[in-house]
Amino acid sequence: MRKEVNYADINSFLVLVEEGSFTNAADKLQCSRSQVSKQLSQLEANLGVSLLVRTTRTQHLTPSGQVFYAQCKRAFIVIDKAIDNTIEATSRLSGEIKINCVGGFIGENIVGPLVADFMQQHPEVTVNLDFSSRRVDLIAGEFDFVFRMGELTDSALIARKLMDLTIGTYASPEYIELYGKPEHPKNLITHKCITGSMKTWMFTNTQTLKTQEVNIKGDLTCKNGRVMLCSAIRGNGIIRIPEIYCTTEINEGKLLPVFDHWQPRPSPLYLVYLQDKHPPSRVTAFKEFALNNFTHYATC
């Protein structure tokens, strides 16, 4: 016979898994460690399975616990969204928006000011703005929006193009004077290069439309565009970077184009979000603000 399961016990279990210890879970739930332990024992007894293996130093989920956690987490996200939507229907625009974005120039110079102005218009909205480049899970509710470069294929997500980023290949005058310019993309393998996450550089000849792919071994590898740019300006190598990152340096002659007719393909920049027929009004408001105003912030 199926026993009655207390939903508060399930919530306590989810918090315990996410916080990693009974002490942290008790702090989050504002109760005692013994209460968290009691709730877990009661839940396991009602389900008839062990969910968590506890030792004096560690804890980890059992196989049954892993499945139960994943399914309950998804269900609680739906419940939380239902509560938010119901409350929001009778209140002003408010609540938290969680945004993930590439860092560097796009995050700091474009998305940061855009978010600041949106919050100024909607003072009851709070924003969690994350600049990590890791792969994030929109479906699990980790973020409401992601700003991302490059093509995206997940059919469960909506990707709205904000702009195409022109990509250029540059070096400082000092580097060119010392090492010369490569005549063809294939010659890059003999040059000092500065790379981010992309180690394969693709070029198209603007005259013949021929393409050339080059595998680059960076003398400096860094996922931070500002660090890469700083190193290139100091003559440490050839850099492949969105033109928007270095407009000032190009205009001041600190960086020069390496090729006349070989150009990387433009990289699309998207606002990505989950398909949702009934999103919270704060999410809809930010989506519309970003789509309508992004180009303005990108060209300031």
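This report describes a protein chain from its overall form down to a handful of its residues.

## The chain as a whole

The structure is a predicted model, and the protein chain in it has nine helices and 15 strands. Along its principal axes, the C-alpha trace of the protein chain spans about 80 × 45 × 30 Å. The radius of gyration of the protein chain is 25 Å, whereas a compact globule of 300 residues would have one near 19 Å. An automatic or database assignment divides the protein chain into domain 1 (7-87), domain 2 (93-163 + 268-298) and domain 3 (167-265), so that domain 2 is written as two segments of the sequence. Between the C-alpha centres of domain 1 and domain 3 there is a distance of 50 Å.

Of the 300 residues of the protein chain, 38% count as buried. The accessible surface of the protein chain comes to about 17,200 Å², and carbon and sulfur atoms make up 50% of that surface. When contacts in the protein chain with a separation of 6 or more are considered, 72% of them are between residues 24 or more positions apart. The protein chain carries 32 positive and 31 negative charges, and the mean positions of these two sets are 5 Å apart.

## Residues in helices and strands

Ser41 is part of helix H3, which covers residues 33-47. With a relative accessibility of 35%, Ser41 counts as partly exposed, because that class lies between under 20% for buried and over 50% for exposed. Ser41 and Leu52 are eleven residues apart in sequence, and their C-alpha atoms are 9.7 Å apart in space.

Leu129 belongs to strand S4, made up of residues 125-130, and at 30% relative accessibility Leu129 also counts as partly exposed. If residues up to four places away in sequence are not counted, Leu129 touches Ile99, Val111, Gly112 and Val115. Leu129 and Ala75 are 54 residues apart in sequence, and from C-alpha to C-alpha they are 25 Å apart.

Thr204 is found in strand S9, and Thr204 is buried because its relative accessible area, 19%, falls under 20%. Leaving aside neighbours within four places in sequence, the residues in contact with Thr204 are Leu209, Lys210, Thr211, His261, Trp262, Gln263 and Arg265.

## Two loop residues with positive phi

Gln30 lies in the loop between helix H2 (22-29) and H3, the helix in which Ser41 is also found. Phi of Gln30 is near 55 degrees, which is a positive value in a residue other than glycine. Leu209, one of the residues in contact with Thr204, is placed in the loop between strand S9 (200-205) and strand S10 (211-215). For Leu209 phi is near 65 degrees, again a positive value in a residue other than glycine. Gln30 counts as exposed because its relative accessibility of 75% is over 50%, and Leu209, at 64%, counts as exposed for that reason too.

The table below gathers the accessibility of the residues described.

| Residue | Relative accessibility | Class |
|---|---|---|
| Ser41 | 35% | partly exposed |
| Gln30 | 75% | exposed |
| Leu209 | 64% | exposed |
| Thr204 | 19% | buried |
| Leu129 | 30% | partly exposed |

Note on methods
Residues are numbered from 1 along each chain as its sequence is written. This is a predicted model: local features need pLDDT of at least 70, side-chain atom pairs count only at pLDDT 80 or more; totals for chains, interfaces and linings use all residues. Side-chain values use heavy atoms; hydrogens and water are left out. Helices (H or I, at least four residues) and strands (E, at least two) are DSSP runs, numbered from the N terminus. The radius of gyration is taken over C-alpha atoms; the globule rule is 2.2 Å times the number of residues to the power 0.38. Buried means under 20% relative accessible area, exposed over 50%, partly exposed in between (1.4 Å probe, protein chains only). Contact means heavy atoms within 4.5 Å. Accessible areas come from the Shrake-Rupley method with a 1.4 Å probe; for residues, only the protein chains shown count as cover. Lys and Arg count as positive and Asp and Glu as negative; His and the chain ends are not counted. The place of a charge is taken as NZ of Lys, CZ of Arg, CG of Asp or CD of Glu.
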